[in-house]
Amino acid sequence: MAAIWVNLVRNLDYVIRYITLKTGRTLLISILVIFLILLFRRILDGKKKGKASGTRLYLRVYLWTLLIPVPFMGTLKISQQSFRWRRHIYVFLYENIMGNPLWGWLCFIGMTGMALWFLIRKIRLARKVRKLPVFVPEKKFFICPDILKHVTIRVNPSLITPFSMGIFRPVIVLPEAMIRRFGETEIQGILQHEYNHIRHGHLIFYFVFDCFRIIWFMNPLIHLCSRWMKDDLELLCDHDTIHYGKISPDTYGMLLIRSLDCIDGNRKETDRIKAMPALAARRSFRVMKKRIQVIAGYEEGTKIPSVVMNVAAGAILLMGFVLVNWFSYPSYTPFHNFSLYSHDTKQVIFMDDPEFNSAVQMTGDGIQVQNDKVKKLLEKTDKIYNKEDYFWIYYGGYMKQPGIGGGGGVVQYQPYETEQSVVHISYNKMHWTDVLRDWVFRYM
């Protein structure tokens, strides 16, 4: 049992180092993609700062989807085969991660800690929201049937900003004080804003960016971009609330300003929901000024229908995944060559040798060796062997990336022990833990 645990820890160490190596490469690629996103985002702002059409607001949000394929770029061939400086980076990462388990374990601990922090916060908030009473609208409130049909509305006695949460069971939380103070049109505007977050899939955006922040926790840019992405989602929802709702830009702008009072009403509670889509979450003055300017410069509709933009964004994203898969190494590449090692495994006698490969063959139950042919090859090594000398034949195995591979097996081979021209050597029986490890290594 102790041997199994030792083997498990050793295999886990290899998995962690390999995943850390892939994560390190994607982190470097993510920095380049982030700079491109920020550049195009700046271009979409146009010359009129603070004003943007509906089309530009949609495009600003879609720009962030360019990051989605990046976590799957850890096995790109171009990062290792093309450009001299990239090869140097690859060697640096390989030597300092695969060759040093400390970096792998530090990265693993960092990602695990970040994930637990996010998970605990969301579980606590979800438990608290489930205890809140369900909102039963009075006759004076007209609420869109789509909202009541797909979303649960709950009332919060605390004086905090409205927010939405829940990917599979979406919930909109309204503060009780806001229901008492605001009129029907304003409540409808608040609900429409939060419903737009749910309808557009923004809650999934939040989840995906949390995953980015976990795997690239060492990159400060991704934490900054998380805020900028949320600001873009709020701008888009402000636009669509006016476009699809029954509220004018002036009225909605005043609603946004009045809602800011709720934030200072209970600062501690507001900080707990700052990671959720909220109507008037705590933001800098610059961000709130931007939102008010966009609302003031509201343009009816969009030049390009949102359905067309959704389809185009989906097609570009799908094409991105196809290209990543096309230019990446496969999950594993089987080795078809054989190697011969000395009895102490310190000396490689034959490796990638066509003559030796032609003398060895894998069968259903073992290795078949043309003994006479191998003896002639050994005579060319200028070293004299006797009857007691034995070797190890390595067979099978796979390559995941250049310099990274594993699997396969070894059999003991004594060429001078027999005069037979063909020698058959049975495979060594593998333990179930070795079979499981081999499967994990191949497809991780």
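# A walk through the predicted chain

At 3% relative accessibility, Thr26 counts as buried, because anything under 20% falls in that class. The model in which Thr26 sits is a predicted one. Thr26 belongs to helix H1. Leaving aside neighbours within four places in sequence, Thr26 is in contact with Val70, Pro71, Met73, Gly74 and Trp216.

Another residue of H1 can be read in the same way. Arg17 is found in this helix, which covers residues 2–45. Is Arg17 buried or exposed? Its relative accessibility is 16%, so Arg17 counts as buried. Residues up to four places away in sequence are not counted among its contacts. Beyond them, Arg17 touches Ile97, Met98, Gly99, Asn100 and Pro101.

Now step back to the whole chain. The protein chain has 444 residues, and 46% of them count as buried. There are 17 helices and 13 strands. Consider next the contacts between residues at least 6 apart in sequence. Of these, 72% join residues at least 24 apart.

Two helices show how such elements meet. Helix H5 spans residues 101–130, and helix H9 spans residues 202–215. Their axes come within 8 Å and cross at roughly 150°. That angle makes H5 roughly antiparallel to H9, because angles over 145 degrees are classed that way. Which residues make the contact? H5 brings Met111, Met114, Ala115, Phe118 and Lys122. H9 brings Asp210, Arg213, Ile214 and Ile215. By class, six residues of this contact are nonpolar, three are charged and none is polar. An α-helix has 3.6 residues a turn, so residues three or four places apart point the same way.

Helix H8 comes before H9 in the sequence. H8 takes in residues 184–199, 16 residues in total. From first C-alpha to last, H8 reaches 22 Å. That is close to the 22 Å expected at 1.5 Å a residue. H8 is mostly covered, with 13 of its 16 residues buried. Just after H8, Gly201 takes a positive phi of about 75°.

Next come the strands. Three of them form an open sheet in the order E7-E8-E13, and the pairing is antiparallel. The edge strands are E7 (360–362) and E13 (422–426), each pairing on one side only. Neighbouring strands of this sheet are turned by 20° against each other on average, direction ignored. Strand E8 (residues 366–370) is joined to E13 by five bridges. One residue pair can be picked out: the bridge partner of Gly366 is Ser426 in E13. A helix also packs on this sheet: H16, residues 371–379, touches E8 and E13. The direction of H16 makes about 65° with that of E8.

A further strand pair lies elsewhere. Strand E9 (residues 391–395) and E12 run antiparallel, joined by five bridges. Trp392 stands opposite Gln412 in E12. Which residues of E12 are on the covered face? Gly409, Val411 and Tyr413 are there. Val410 and Gln412 make up the uncovered face. In a regular strand the side chains alternate between the two faces of the sheet.

Notes:
Residues are numbered from 1 along each chain as its sequence is written. This is a predicted model: local features need pLDDT of at least 70, side-chain atom pairs count only at pLDDT 80 or more; totals for chains, interfaces and linings use all residues. Side-chain values use heavy atoms; hydrogens and water are left out. Axes are lines fitted to C-alpha atoms, for helices over the stretch in contact, and angles run from 0 to 180 degrees between N-to-C directions. Helices (H or I, at least four residues) and strands (E, at least two) are DSSP runs, numbered from the N terminus. Angles under 35 degrees count as roughly parallel, over 145 as roughly antiparallel, 65 to 115 as roughly perpendicular and the rest as oblique. Contact means heavy atoms within 4.5 Å. Ala, Val, Leu, Ile, Met, Phe, Trp, Tyr, Cys and Pro count as nonpolar, Asp, Glu, Lys and Arg as charged, and the others, Gly among them, as polar. The expected span of a helix is 1.5 Å times one less than its number of residues. Buried means under 20% relative accessible area, exposed over 50%, partly exposed in between (1.4 Å probe, protein chains only). Two strands pair if DSSP finds at least two bridges between them.
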